[in-house]
Amino acid sequence: MESKNGMNRRDFLKAGGMSTLALTLGTTGVLAVGSKAFADTTSNPTSGFGEYGPLVPDPNGILDLPKGFRYKIISVEGNQMSNGAKIPGAFDGMAAFEGPNNTTILVRNHELGAGAALGSNPYDAAAQGGTTALVVGPNREVIKEYVTSSGTIRNCAGGATPWGTWLTCEETRSATHGYVFEVDPTQPENEMSRTPIKEMGRFSHEACAIDPATGYVYLTEDASPSYFYRFIPNDTNQKPGALQKGGKLYAAAIEAVQRPAASTFKTGQKFEIVWKELDPHLCREDAKAQGCIEFSRLEGAFFQEGVFWFDDTSAGEKKLGRVYRYIPHTNTLELFYEGNDAREMEYPDNICMTPWGDLWFAEDGSGQDRLMGITPEGKVYPFAANRQSGSELAGPTFSPDGNTLFVNIQEPGQTFAVWGPFQRRNSARAREMSYAAPENLAPQVSDKMAKAAEEQGMSVLEAAAFERHGVKI
């Protein structure tokens, strides 16, 4: 095929690169072809992702999963850690790191308040929150379990760093609390773990994630109203302790709109962001004074393939929740998905991206909480359901090899290892998710284009991408 300027398909791919192709492939995956609508599955090696089927009731009444999947409870609140102390409760955010000898090291938050500190080197001896670590063997058995940081309050979520540490966030705000702490699971309770990164802001932190291309940290706030923050470190070498060298904190605003409210955003609407520098000690007050974007109540966050994903748990017309994405490369913010049916979304909280490119979110609603997925094609599906009423699912994270999902039930605290026929790792699909169009914004494709795509051995999504760039088939 040739373009209007004589460029053929091979030249186009070579010139544009995979990032351009990924950007142009963005669709819901449901395309209107002629007068018909169908899901794009032709010549698509990723078709069928997320097709796990209905959940099978757990005979133990704990965790429902699709057919073919199994779970093991690997840690329980009140049992003993390796040093004989009791495992603390209120399990929350979590991350998985590659350990020695084919092990996985989990770092887990504990959303606890005032009380005697868990560890021996706390930030505050009168604060009970902190983090623990689990060294999990290839047989999904815990080899070692220990405290990694202590003396903090309401460690709700956080985020993994590209250099193998965990940023644990305090969901509180007082004279001495409301900070982010960096935890190295291989050096538990060291000086770094008890040193607050004060320039990253004093507010009710929820989650954070780092852009590996720049080292910038993006953060969410669990308050109402809440703001979307960015921290630019003085030291962007991306190594343990670099964030403690300080930096500048900003909040997102929209230049053309005074005091914008995210509640007015529509699905698919894009906004160019400006960043307002803040006093990190009075960041909320400063963000309000400078007219920064006000969200309902922000929760989970994850960075993957050039996009920062985050959710607003009680936002939207029906107040069931929303998912946003911010693309640093274009400095644009977009509402990606809004819950309009409680069967598909109800109060999203922690989020993660699967190894095959779907977005997963854990619910924190009033009924049965689930772990739900959204595909690049716009499909929403359940993967797990917590049968224990009154307790949320939290901290979903995949092992480095992608074969095991680890997830928590908060109360009573339980950590699960889940395995089964997970889809294979697919980085191309993950890139597609980064630029997939929000729901109901799929391109229109003619019958002629669909037929030509089939003759070329292309997916309809790929054909639509080339057509948008003026490349004829």
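This passage describes backbone features, a sheet and cavities of a predicted model.

The model is predicted, so local features are reported only at pLDDT of at least 70 and side-chain atom pairs only at pLDDT 80 or more, while totals for chains, interfaces and linings use all residues. Residues are numbered from 1 along each chain as its sequence is written, and side-chain values use heavy atoms, without hydrogens and water.

Two cis peptide bonds are described here, each with its place among the strands (E, DSSP runs of at least two residues, numbered from the N terminus). One joins Ser224 and Pro225, with omega about -5 degrees. Pro225 is placed in the loop between strand E14 (217-221) and strand E15 (229-233). The other joins Glu411 and Pro412, where omega is about -15 degrees; Pro412 belongs to the loop that connects strand E28 (405-409) with strand E29 (414-419).

Positive phi values occur at Ala90 and Glu305, neither of which is a glycine. At Ala90 the angle is about 55 degrees, and the residue sits in the loop between strand E5 (70-76) and strand E6 (91-98). Ala90 is buried (under 20% relative accessible area, with a 1.4 Å probe and protein chains only), its value being 3%. At Glu305 phi is near 50 degrees, in the loop between strand E19 (298-304) and strand E20 (307-312). Glu305 is partly exposed (between the 20% limit for buried and the limit of over 50% for exposed), with a relative accessible area of 33%.

Strand E6 also takes part in an open sheet of four strands, ordered E6-E7-E8-E9 with antiparallel pairing; two strands pair if DSSP finds at least two bridges between them. The edges are formed by E6 and strand E9 (142-152), each of which pairs on one side only. From one strand to the next the twist averages 20 degrees, as an angle between N-to-C directions on a scale from 0 to 180 degrees, with axes fitted to C-alpha atoms. E6 and strand E7 (residues 104-110) run antiparallel and are joined by six bridges, and Glu98 stands opposite Thr104 in E7.

The structure contains two cavities of 30 Å³ or more. A cavity is a set of points, on a 1 Å grid over the protein atoms alone, where a 1.4 Å probe fits but cannot get out; lining residues have an atom within 4 Å of a point. The second largest cavity holds about 30 Å³, a volume being the space filled by probe spheres set on the points. Its lining includes Trp163, Gly215, Pro233, Asp235 and Leu243.

Note on methods: On a 1 Å grid over the protein atoms alone, a cavity is a set of points where a 1.4 Å probe fits but cannot get out, and a pocket is an open set with protein on both sides within 12 Å along at least five of seven lines; lining residues have an atom within 4 Å of a point.
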